[in-house]
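Trainee: I am new to this structure. Please take me through one part of it closely, the nonpolar core, and then show me what surrounds it.

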Amino acid sequence: MSIEVKNLIKTFADKTVINDVSFKVQDGETLAIVGFSGSGKSTILKLICGLIKQDSGEIITSDGDIAMVFQYSALFDSLNIADNISFALHERRDLRNKYTEQEISKIVTEKLALVGLKGIEKQFPSELSGGMQKRVSFARAIVTEPNTILYDEPTSGLDPISSTLIEDYIVRLKEETQAASIVVTHQMSTITRTADRVIMLYDGKIVFEGTPQDMLKQDNEYTKQFVTASLEGPMRMMA
Amino acid sequence: MSNLQKYYKQSATYKIFTGIIGACNDFLDTLGKITQNGIDFFKCILKRQINSTDLVEQCNRFGITSLPITLSIVGMTSIIVASQVALEMVKQGGGNFVGMLMTILIVREVGVIMSGFALISMIGSSMASELATMRVTEQIDAIKVLQVNPIRYLFVPRVLSGFIMMPFVTIIASTVGVLAGAVTAKFSADLSFRAFFDSMWLGIYMKDLWVSLLKAFVFGGVIALISCSCGYYASGGAKGVGLATTKAVVWSFVAIVILDMIFALAFFF
């Protein structure tokens, strides 16, 4: 088991964003978390990687690193691509003196090749397209060889072809690293192409848990509304 | 009763009262965060967690790139003051003390405080907006997820450069200020350089010099710490970056005026 979330509760001001959520993700498995905007999907990722603290509940993770791919890549715009990818190797206390500069350079080249990019080490994030920035952020995430990778809306804002490319890399990284992955997404193509299991959140609670195929069967009124993008159904958008 | 409460909540008294409480809460919250970051900064320093490359880069930014504007502001302030007082003092027979007056004024106050103001507006605001942009674009979250201490990576080189470089900036700015005062006195009141520089040392003691350097040291660190802290806790996109920058500038201005008053009371009262 790589991640286990037990009875998680998180409240912001007076609103309970995550309300008694529990799930597990095994090594080498990809879980998709879906739901409307504001349903608490990204909050779960931030809780798992420790950016915010839960009010109650437990998050148990295996030993090893947790990596996160941010929605808008979050590359360091003052650093070039090589420095972005090697950031943790240069700055993290336990890794700072572990590798020589030649080794770091080799690791950077390897990770860039893994996401299909070559020869962009000296470029800056602002010189790359959104899809390329996203792939660089994948490379940065896997540089510490994490056993858990979290993806926050990895295909948002990308054209369909770039989205497919990113989805392929999510699958490829899972196969290469055997990491447990959680993908937060709105997009059905990302769910069907990358996920082994899906949970759907509404109003801070899990309203569906199953495989992508189960989701497409539409025998759950919540998933039916989500898949058909219907305004009619149990879920109401906040005005 | 509920109607009464409803009307009370709509009243000006209630709104003013809750506004004051909110402002006090915000003030204490910001002060607490700055203090906490200051403590974390000193912990990193004690553990010698300093990246020398980043420190050199920030020292260059704090001390070198800011120099033209700092020297201009201190120099022009000296010209303004000298043009106001030199002629009048010469007329009243106090020409021999113009150099002393200008030097006391520049070394004790104008050099350090005007340098502080220049650095707040130029470097402090840029530090705050830089960190605020990093916050709203999730770059600071990325630093944390990569398990790098953001205080060590972001605060240590910036705040340390403030402590180190501000005394140097103040020395150069004060020198330029005194020279500007001498030139202005020469042209506005026909006061010779010799008369100006002979009286320069009459009112200046070693204590004035080291208090001035101590003030510069403290001001530099405080400006950088406040600016970084305000940027670090920004939220809410472009508007949040603007608000954080404004907050950094206002807090830094107020802080160095308060600190200057404390120094004046502690050393010259």
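Mentor: Start with the term itself. A nonpolar core is a set of buried Ala, Val, Leu, Ile, Met, Phe, Trp, Tyr and Cys residues joined through C-beta atoms within 7 Å. Buried here means that 20 or more other C-beta atoms lie within 10 Å of the residue's own. Keep in mind that this is a predicted model.

Now the core. The largest one has 133 residues. Seven names stand for the residues with the most contacts inside it. From chain A come Ile33(A), Met68(A), Leu150(A) and Ile182(A). From chain B come Val98(B), Val159(B) and Cys228(B). Which element gives the most to this core? That is helix 5 of chain B, residues 98-136, with 20 residues. Where does the core lie with respect to the domains of chain A? Domain 1 (1-44 + 56-62 + 197-228) and domain 2 (63-179) both give residues to it, so the core lies between them. As a general point, nonpolar side chains in soluble globular proteins tend to be buried together.

Zoom in on Met68(A). Leaving aside residues up to four places away in sequence, Met68(A) touches Leu45(A), Cys49(A), Ala141(A), Leu150(A) and Asp152(A). Met68(A) also touches Val145(B), in the other chain. Leu150(A) is one of the residues with the most contacts inside the core, as is Met68(A).

That touch on Val145(B) leads to the interface. Here 12 residues of chain A are in contact with 11 residues of chain B. On the chain A side, two elements give two or more residues: strand 5 (66-69) and helix 3 (87-91). Helix 3 of chain A gives the most, with three residues. By class, this side has 10 nonpolar, no polar and two charged residues.

Step back to the whole of chain A. It has nine helices and nine strands. Its radius of gyration is 18 Å, close to the 18 Å that the globule rule gives for 239 residues, so chain A is as compact as a globular protein of that length. The C-alpha atoms fill a box of roughly 55 × 40 × 30 Å along the principal axes. Buried residues make up 40% of the 239 residues in chain A. Among contacts in chain A with a separation of 6 or more, 65% join residues 24 or more positions apart.

Finish at the start of the chain. Strand 1 (residues 3-12) and strand 2 (residues 15-25) of chain A run antiparallel, joined by eight bridges. Ile3(A) stands opposite Val25(A) in strand 2. The two strands form a hairpin with two residues between them. In the turn, Ala13(A) has a positive phi of about 50°.

Terms used
Residues are numbered from 1 along each chain as its sequence is written. Chains are lettered from A and ligands numbered from 1 in the order in which they are written. This is a predicted model: local features need pLDDT of at least 70, side-chain atom pairs count only at pLDDT 80 or more; totals for chains, interfaces and linings use all residues. Two strands pair if DSSP finds at least two bridges between them. Helices (H or I, at least four residues) and strands (E, at least two) are DSSP runs, numbered from the N terminus. A residue is buried if 20 or more other C-beta atoms lie within 10 Å of its own, exposed if 12 or fewer, and partly exposed in between; C-beta atoms are placed from the backbone. Domain bounds come from an automatic or database domain assignment. Two residues are in contact if their C-beta atoms, placed from the backbone, lie within 7 Å. Ala, Val, Leu, Ile, Met, Phe, Trp, Tyr, Cys and Pro count as nonpolar, Asp, Glu, Lys and Arg as charged, and the others, Gly among them, as polar. The radius of gyration is taken over C-alpha atoms; the globule rule is 2.2 Å times the number of residues to the power 0.38.
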